[in-house]
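The following paragraphs lead through one structure, from the overall form of the chain to the surroundings of its metal ion. Please keep the sequence and the model in view while reading.

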Amino acid sequence: MKKQPIARLEVIANDIREDIIKMLEHAGSGHSAGPLGLADIFTALYFDVLKHDPKNPDWPERDILLLSNGHCVPVRYATMAHAGYFPKKELLTLRKFGSRLQGHPERTRLPGMETTSGPLGCGLSQACGMALAMRMDKQTKRWVYVVMGDGELNEGNIWEAAMLGGKYRLNNVIGIIDRNNIQIDGPTEDIMPLEDLKGKWESFGWHVLEVNGNDVEAVIDACNMAKTIVEKPVMIIAHTIPGKGVDFMESDFHWHGAPPNHEQAKKALHELRTLGGKIRGEHE
Amino acid sequence: MTDLHLADLSETLLEEPIRKGFGRGLLAAGKLDVNVVAACADLTDSTQMSLFKAEFPERFVEVGVAEQNLATVGAGLAAMGKIPFVSSYAAFSPGRNWEQIRTTACLNERAVKIVGSHAGVSVGPDGATHQMLEDIALMRVLPNMVVIVPGDSLEAERATLAMAKDHRPNYLRLAREATPVITTSNTPFEIGKAYVYEKGSDVTIITTGTMTYQALRAAEQLYKDGIEAEVVHVPTIKPLDAETILKSVRKTGCVVTAEEGQVAGGLGGAIAELLAENHPVPMKRIGMLDRFGESGVPNELLEYFGLDAKHIRLAAHHTIDKKK
Ligand SMILES: [Mg+2]
């Protein structure tokens with residue numbers, strides 16, 4: 001896809017947030033905080049980093065993006081619609097009967113959805129399997145990106161994959177951890193402490209980058225940097241604000257697994273449209 | 001029987017572990033198709049993947065003792081067009097990684113080939129933890145999954161070659177101990193087909209895996225008792241060959257099933273479901289009856305748990321009596 005200026009990407013990320021709010025309100029269930037926090041990362045990936053073609057989702061030379069924490073899929077649906085994978089009006093079918101936009105993503109229902117996910121901890125190992133296949137086929141110009149939640153790192157399967165990636169030095173795997181410090185039951189460091197997170201990944205043989213995950217430009221730079229690391233797989237710890245862009249949702253773990261009601265959605269949309277009161281909204 | 005080209009049971013039969021046939025089949029499949037790859041969880045020799053690994057080291061992945069990773073790495077390999085065979089002991093794969101198989105292979109429609117070795121009580125001295133009995137039930141309930149339980153090493157070899165050409169997730173169940181080889185290199189194998197190994201009209205004995213040989217021996221004894229038993233070998237438990245099974249049962253009017261695993265959810269469960277809805281008849285299920293195994297030598301365990309020709313014969317008499 002044609003690259004766009006950062007300022008334009010920031011507008012797209014904001015539009016994606018608005019769509020996430022509308023989708024969740026309409027669905028009446030689903031996760032709010034994670035998708036909002038990931039909007040900048042998904043914008044960076046789909047509008048700059050990834051080699052992909054929305055009109056040809058199975059393009060054999062494409063980069064692969066896996067969403068391991070499937071509950072955050074509203075952000076992926078919204079970003080894919082903005083990128084041209086399917087009509088934006090379909091976004092309001094999220095979680096409805098007969099929709100291609102299942103509550104948790106299903107590969108077989110939606111072109112461009114690279115895997116089925118929801119049960120946590122399975123994305124990184126699939127990424128490793130894909131990377132191994134690419135290596136066997138001598139495909140050196142493709143990368144597998146995998147977005148994971150931080151709470152998801154409680155899963156043992158993640159660390160099995162971490163060992164494998166380190167062992168085989170899978171330099172075509174680029175992991176992105178959504179380090180938003182919350183999970184369903186509360187703050188990650190209360191539920192099951194992850195720190196020293198950087199040290200953990202390094203000790204498993206990964207090169208670790210840390211980045212502000214709500215800075216589109218910084219995420220793009222980190223991914224470009226990751227592609228230059230040839231001796232190891234790379235894990236990008238992306239520090240994000242859960243609920244980013246909606247003041248009353250930001251950093252409150254209660255919004256991890258809840259959707260906004262009509263009033264809350266109205267308030268959230270107003271805030272997003274006015275960029276937190278900084279500008280007059282178009283619908284005011 | 002001539003069309004099935006079975007071995008002559010009156011001769012001394014060659015005995016070989018069923019898993020050996022898998023090892024040969026995988027190597028052959030690897031030679032036929034460059035996309036066939038293998039991954040193992042630290043049991044390469046035991047599961048007989050060592051043959052493939054030696055020939056195609058660059059197409060082999062060692063994941064270590066990590067069965068959840070084994071299944072999901074397999075799904076990733078399959079996503080890129082590979083035909084991944086992933087092996088461990090059945091107790092661990094699919095014993096430990098069921099959800100990964102459910103989500104990333106079955107729901108995700110990725111054709112991962114799960115190979116579970118050392119199934120059944122005939123694992124012997126290792127005891128109950130390693131004697132997998134619930135794997136057929138675990139795999140059979142998963143949509144899109146194919147469940148294959150070969151009866152000897154030659155059939156395992158043919159099954160492996162067939163799996164490499166099948167576009168669905170498959171589970172292949174293998175046994176550890178030497179098992180009499182009752183088929184020949186000319187015996188047919190097709191996924192989804194059951195085979196009438198012995199014709200008879202008094203009782204249908206439906207078997208899978210290691211128990212098919214036992215059923216054939218039971219049929220010999222029953223013949224001396226004046227009973228003609230039909231032995232239907234079911235190497236594919238899912239999808240079940242309902243046509244062949246119902247045809248036999250409509251003829252004989254009673255059924256014995258036999259398997260080296262839990263009858264609940266296993267072959268016995270599958271046949272009970274089929275017959276209850278289509279043609280209910282007196283039935284007796286031989287297998288593990290809601291209990292675990294224990295350490296011992298294979299033959300004493302098989303006898304203790306009633307998994308042999310003697311018990312199949314008794315069960316046949318019981319069900320025939322119930323017909324009247
Ligand atoms: Mg989190």
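In this predicted model, chain A has a radius of gyration of 18 Å, which agrees with the value near 19 Å that a compact globule of 284 residues would have. Taken along the principal axes, the box filled by the C-alpha atoms of chain A is roughly 55 × 45 × 35 Å. Within these bounds the chain forms nine helices and seven strands, and 59% of its 284 residues are buried. Of the contacts in chain A with a separation of 6 or more, 75% are made by residues 24 or more positions apart.

Turning to the surface, chain A exposes about 11,300 Å², of which carbon and sulfur atoms supply 52%. As for charge, the chain carries 33 positive and 38 negative side chains, and the centres of these two sets lie 6 Å apart.

Which residues of the protein act as donors to the magnesium ion? They are Asp150(A) through OD, Asn180(A) through OD1 and Ile182(A) through O, lying 2.2 to 2.3 Å from the ion, and their spacing in sequence follows the pattern D-x29-N-x1-I. Because Asp150(A) lies in the loop between β2 (144-149) and α5 (156-167), whereas Ile182(A) lies in strand β4 (residues 182-183), the pair ties together parts of chain A that are 32 residues apart in sequence. Both Asp150(A) and Ile182(A) are buried, with buried meaning under 20% relative accessible area when protein chains only are considered.

Definitions and conventions
Residues numbered from 1 in each chain as written. Chains lettered and ligands numbered in written order. Predicted model: local features only at pLDDT ≥ 70, side-chain atom pairs only at ≥ 80, totals over all residues. Heavy atoms only, no water. Helix = DSSP H or I, 4+ residues; strand = E, 2+ residues; numbered from the N terminus. Rg over C-alpha atoms; globule rule 2.2 N^0.38 Å. Buried < 20%, exposed > 50% of the residue type's maximum accessible area, 1.4 Å probe, protein only. Contact = heavy atoms within 4.5 Å. Areas by Shrake-Rupley, 256 points an atom, 1.4 Å probe, with all protein chains shown as cover. Lys, Arg positive; Asp, Glu negative; His and termini not counted. Charge placed at Lys NZ, Arg CZ, Asp CG, Glu CD. Donors = N, O, S within 2.8 Å, 3.2 Å for Na, K, Ca; no water.
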